[in-house]
Amino acid sequence: MKTLTIDVRRAEPQDAAAISEAHRLSWQYAYAGLIPHKALSRMIERRREDWWRKAARGPATLLVADVAGTIAGYATLGLNRARALPQEGEIYELYLRPEYQGIGLGYTLFHEGRRLLKSLGCSGLVAWCLEDSANASHFFRSQGGSDVAEGMEDFDGVELKKIGFIWA
Ligand SMILES: CC(C)(COP(=O)(O)OP(=O)(O)OC[C@H]1O[C@@H](n2cnc3c(N)ncnc32)[C@H](O)[C@@H]1OP(=O)(O)O)[C@@H](O)C(=O)NCCC(=O)NCCS
């Protein structure tokens with residue numbers, strides 16, 4: 001029997017190409033048909049390998065889920081940006097390649113991110129997703145998040161609602 005190793009770890013600069021690919025695939029899968037095509041393509045194009053190489057050096061913490069050498073997804077986290085919310089930490093992004101969704105990796109990345117923020121002294125956590133991203137809002141609810149905030153994001157003139165979830 002083969003054993004698959006699953007490792008959630010901080011990204012290294014040499015992961016940049018693989019994270020860029022995970023970003024492209026997961027964003028296309030999550031947002032095609034939701035975010036206007038041009039705006040989505042622009043957001044994806046902006047984050048090529050170089051962008052991720054710099055991201056791996058901070059200021060946000062960049063975690064990857066490494067499944068037997070394949071970067072299956074990533075999470076970015078750091079200080080909460082929404083001044084109206086008292087929680088100190090935030091998971092900015094949490095994305096998995098489509099073929100790696102639904103097998104517990106989101107759970108593992110989310111909980112490692114939460115643990116890390118706590119260990120850095122952050123009290124409480126915020127995470128945002130688009131209201132129409134059904135699997136993201138379902139996921140945050142299933143992890144015990146309460147939806148307490150909302151906002152709007154403009155994508156080339158198309159306004160989409162986002163929901164803010166909090167954890168104590
Ligand atoms: C949202 C997303 C990150 C969730 O990750 P995922 O790997 O698909 O989800 P998981 O397999 O970890 O979790 C699925 C379920 O199993 C549960 N679960 C998984 N592992 C578990 C474990 N070890 N113990 C207890 N529960 C577990 C989860 O709580 C969840 O519950 P549910 O059955 O009520 O849905 C992922 O689907 C994704 O990348 N989606 C697209 C991108 C996106 O929208 N990101 C969010 C915006 S930032």
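Helix α5 gives the shell around the ligand its largest share, five residues. I start there, and I should say at once that what you see above is a predicted model.

The ligand first. There are 21 residues around the ligand, and those that come nearest are Gln101, Gly104, Gly106, Tyr107 and Ala136. Two or more residues of the shell come from each of these elements: α1, β4, α4, which is residues 105-119, and α5, which is residues 134-142. By type, the shell divides into ten nonpolar residues, ten polar ones and one charged one.

Now the record. In an unreviewed entry, UniProt lists residues 6-168 as "domain: N-acetyltransferase". In this model that span is 35% helix and 34% strand, and its end C-alpha atoms lie 28 Å apart.

Next, helix α1, one of the elements that contribute to the ligand shell. The helix runs over residues 16-31, which is 16 residues; at 1.5 Å a residue these should span 22 Å, and the end C-alpha atoms are 22 Å apart, so the two values agree. Which residues of α1 are buried? They are Ala16, Ala18, Ile19, Ser20, Ala22, His23, Ser26, Ala30 and Tyr31. The cover over these buried residues includes two helices, α2 at 37-46 and α3 at 49-55, and three strands, β2 at 61-67, β3 at 70-79 and β4 at 89-96. Just after the helix, Gly33 has a positive phi of about 90°.

Take one residue of α1, Ala22. Ala22 has 24 other C-beta atoms within 10 Å; the cut-off for buried is 20 or more, so Ala22 counts as buried. Setting aside neighbours within four places in sequence, Ala22 is in contact with Ile71, Ala72, Gly73, Tyr74, Tyr95 and Arg97. For Gly73, which is 51 residues away along the chain, the C-alpha separation from Ala22 is 5.9 Å.

Asp15 sits in the loop between β1, residues 6-10, and α1. Is Asp15 buried or exposed? It is buried, with 21 other C-beta atoms within 10 Å. Not counting residues up to four places away in sequence, Asp15 touches Ala56, Val64 and Ile71. Ile71 is also among the contacts of Ala22. The C-alpha atoms of Asp15 and Thr70 are 9.6 Å apart, with their positions 55 residues apart along the chain.

On to the strands. β2 and β3 pair in the antiparallel sense over seven bridges, and β3 pairs with β4, also antiparallel, over seven bridges. Thr76 of β3 can be followed across both pairings: Leu62 stands opposite Thr76, and Thr76 stands opposite Glu93 in β4.

The other pairing to show is β6, residues 146-155, with β7, residues 158-167, antiparallel over nine bridges. Within that pairing, Met152 has Lys161 of β7 as its bridge partner. How many of the ten residues of β6 are buried? The number is zero, so the strand lies largely in the open.

Last, the backbone angles worth checking. Most residues other than glycine have a negative phi, and most peptide bonds are trans. Two residues that are not glycine go the other way on phi: Ala68, at a positive phi of about 50°, and Asp156, at a positive phi of about 50°.

Where are they? Ala68 lies in the loop between β2 and β3, in a hairpin with two residues between the strands. Asp156 is in the turn of the β6 and β7 hairpin, which has two residues between its strands. On burial, Ala68 has 11 other C-beta atoms within 10 Å and is exposed; Asp156 is exposed with 11 as well. The cut-off for exposed is 12 or fewer.

There is also a cis peptide bond, from Gly58 to Pro59, with omega near 10°. Pro59 belongs to the loop between α3 and β2, and both of those elements are among the cover over the buried residues of α1.

To close, three places to look at on the screen: the shell around the ligand, with five residues from α5; Ala22 of α1 against Gly73, at 5.9 Å between C-alpha atoms; and the hairpin of β6 and β7, with Asp156 in its turn.

Terms used:
Residues numbered from 1 in each chain as written. Predicted model: local features only at pLDDT ≥ 70, side-chain atom pairs only at ≥ 80, totals over all residues. Helix = DSSP H or I, 4+ residues; strand = E, 2+ residues; numbered from the N terminus. Expected span 1.5 Å × (residues − 1). Contact = placed C-beta atoms within 7 Å. Near = placed C-beta within 6 Å. Nonpolar A, V, L, I, M, F, W, Y, C, P; charged D, E, K, R; others polar. UniProt positions renumbered as here; feature names shortened; annotations may be inferred. Pairing = 2+ DSSP bridges.
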